[in-house]
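Subject: Structure handover

Hello,

Please find the structure below, with the sequence alongside. My notes on what turned up in it follow.

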Amino acid sequence: MRAVRFHEHGGLEVLKYEEAPEPKIDANEVLVKVKACALNHLDLWLRQGVSDWKLPLPHILGSDISGEVAEVGSDVKGVKTGERVLLCPGISCGKCEMCFKGLDSACRSYTLFGVFVDGGYAEYVKSPEVNVIPIPGDLSFDEAAAVPLVFLTAWHMLFTRAQLEPGEDVLVIGAGSGVGSAAIQIAKLVGARVIATVGADWKLEKARLLGADEIINHSRQAIDEEVRRWTGKRGVDVIVEHVGAAVWEACFNSLAAYGRLVTCGVTSGGEVKLNLQGLFGRQRSILGSFMGGKAELLEALKLIGRRKLSAVIDSVFTLQEAAAAQRKMESREFFGKILLRP
Ligand SMILES: [Zn+2]
């Protein structure tokens, strides 16, 4: 099959469009003919190399996958050849305490497609049967591939970690990111008031169309000052954050008493200062979040199938153009998900 692989870590030039062996499935696995695969910032980290993670090389990236079932293993009963499916990105053991609690991403053997197993930058990918989910409603393959990782992450951040309540004020950092665009929609759907940030003026209107009540251009406005003004000096109840160091202080200063800051990423760096007085005095919480459980994805998919929530697609590239697609992601000149089609 054709696939995009890298044989060593490095810049965009290490991505090679080449011939690779077609995956062989076990009895409990399913072979999926990939129709679309969405990019995530994770792909860039993995290509460059993450010091704690020793990836199998050569490696195929891609955590967000939709496609058609091409073949099923002999023990697979719930999935049929030809079915239109998307893949739950997280792979866990399904047998441990955390898995039974629905906290799959805390499973000790947790991984994602495109991390310790091959992903969707290819014509075919193999998947455990339990990760295969029928595409809900009339979603296209592109729309289905753009959903899983970011909606799962945003859902877990807002509900499981921050325990968002109707009517609360939510600050979403980076409306144009996948997680940001999902978080704005989910928060609005449950009756929150949302203030979102963007880094360029051309993204303002797009953030407004997603439902944001107020939008800050953080390249020329101070996030904490704007939040103070918008909330009458009170601050916001929940912050969805994935940028890290560059916005940390402004975010912390924007939290109301009993506010919860949830973070799932560090694209601008992971070392920050913490004012403990501001933490305990105002009884604030700082929460880490990583992916989520399959059950959370199924909940989000119900609403996606009914078009109450939808993935935002920025652009579609061919598989062969994977390096150009990643370059676009690095440039930040996008709003929503960037997709590859084999
Ligand atoms: Zn487990």
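Arg-5 and Glu-18 form a salt bridge, with 2.6 Å between the closest N and O atoms. The two residues belong to distant parts of the chain: Arg-5 sits in strand 1 and Glu-18 in strand 2, 13 residues apart. Arg-5 is buried, at a relative accessible area of 14%, and Glu-18 is buried as well, at 18%. Please keep in mind that this is a predicted model.

A second pair involves the strands just mentioned. Glu-19 makes a salt bridge with Arg-2, where the closest N and O atoms are 3.1 Å apart. Glu-19 lies in strand 2 (residues 16-19) and Arg-2 in strand 1 (residues 2-5), so this pair ties together parts that are 17 residues apart in sequence. Here the accessibility values fall in the partly exposed class: Glu-19 has 48% relative accessibility and Arg-2 has 29%.

A third salt bridge spans 92 residues of sequence. Arg-260 pairs with Glu-168, the closest N and O atoms being 2.8 Å apart. Arg-260 is in strand 14 (residues 255-263), while Glu-168 is in the loop between helix 4 (148-161) and strand 10 (169-172). Arg-260 is buried, with a relative accessible area of 13%, and Glu-168 also counts as buried, at 13% relative accessibility. Elsewhere, Asp-138, Glu-143 and Arg-307 are joined into one network by salt bridges that share partners. Over the whole structure the search finds 16 salt bridges. As background, side chains of opposite charge can pair when their charged atoms come close.

Two members of that network come up again in the next item, the cavity. How many cavities of 30 Å³ or more does a search of the whole structure find? There is one, and the volume of the largest cavity is about 50 Å³. Its lining consists of Leu-139, Glu-143, Val-147, Ile-304, Arg-307, Leu-309, Ser-310 and Ala-311. By residue class, the lining of the largest cavity divides into five nonpolar, one polar and two charged. Glu-143 and Arg-307 are thus named both in the lining and in the salt-bridge network.

Next, the cysteines. The structure holds zero disulfides. Why is Cys-37 not bonded to Cys-88? The closest cysteine sulfur to that of Cys-37 is in Cys-88, and at 14 Å it is too far for a bond; the cut-off for a disulfide is 2.5 Å between the sulfur atoms. Cys-251 is in no disulfide either, with the nearest cysteine sulfur, that of Cys-264, 12 Å away. Cys-37 is buried, with a relative accessible area of 0%, and Cys-251 is likewise buried, at 0%.

Cys-251 leads on to helix 8. In this helix (residues 245-253), the buried residues are Val-247, Trp-248, Ala-250, Cys-251 and Phe-252. What covers the buried residues of helix 8? The cover includes helix 7 (223-230), strand 13 (236-241), strand 14, helix 9 (276-281) and strand 15 (285-288). Strand 14 is thus part of that cover, and it is also the strand that holds Arg-260.

Finally, two loop residues. Is Leu-61 buried or exposed? Leu-61 counts as buried, at 1% relative accessibility, and is found in the loop between helix 1 (41-48) and strand 4 (64-72). Leaving aside neighbours within four places in sequence, Leu-61 is in contact with Phe-6, Leu-15, Asp-43, Leu-46, Arg-47, Gly-114, Gly-119, Gly-120, Tyr-121 and Gln-326. Asp-43, one of these contacts, is 18 residues from Leu-61 along the chain, and the C-alpha atoms of the two are separated by 6.3 Å.

The other loop residue is Glu-271, found in the loop between strand 14 and helix 9. Glu-271 is exposed, with a relative accessible area of 75%. From C-alpha to C-alpha, Glu-271 and Trp-248 are 9.5 Å apart in space, with their places 23 residues apart in sequence counted as a separation. Trp-248 is one of the buried residues of helix 8.

Regards

Terms used. Residues are numbered from 1 along each chain as its sequence is written. This is a predicted model: local features need pLDDT of at least 70, side-chain atom pairs count only at pLDDT 80 or more; totals for chains, interfaces and linings use all residues. Side-chain values use heavy atoms; hydrogens and water are left out. Buried means under 20% relative accessible area, exposed over 50%, partly exposed in between (1.4 Å probe, protein chains only). A salt bridge is a side-chain nitrogen of Lys or Arg within 4 Å of a carboxyl oxygen of Asp or Glu. Helices (H or I, at least four residues) and strands (E, at least two) are DSSP runs, numbered from the N terminus. Contact means heavy atoms within 4.5 Å. On a 1 Å grid over the protein atoms alone, a cavity is a set of points where a 1.4 Å probe fits but cannot get out, and a pocket is an open set with protein on both sides within 12 Å along at least five of seven lines; lining residues have an atom within 4 Å of a point. Grid points are joined across faces, edges and corners, and a volume is the space filled by probe spheres set on the points. Ala, Val, Leu, Ile, Met, Phe, Trp, Tyr, Cys and Pro count as nonpolar, Asp, Glu, Lys and Arg as charged, and the others, Gly among them, as polar.
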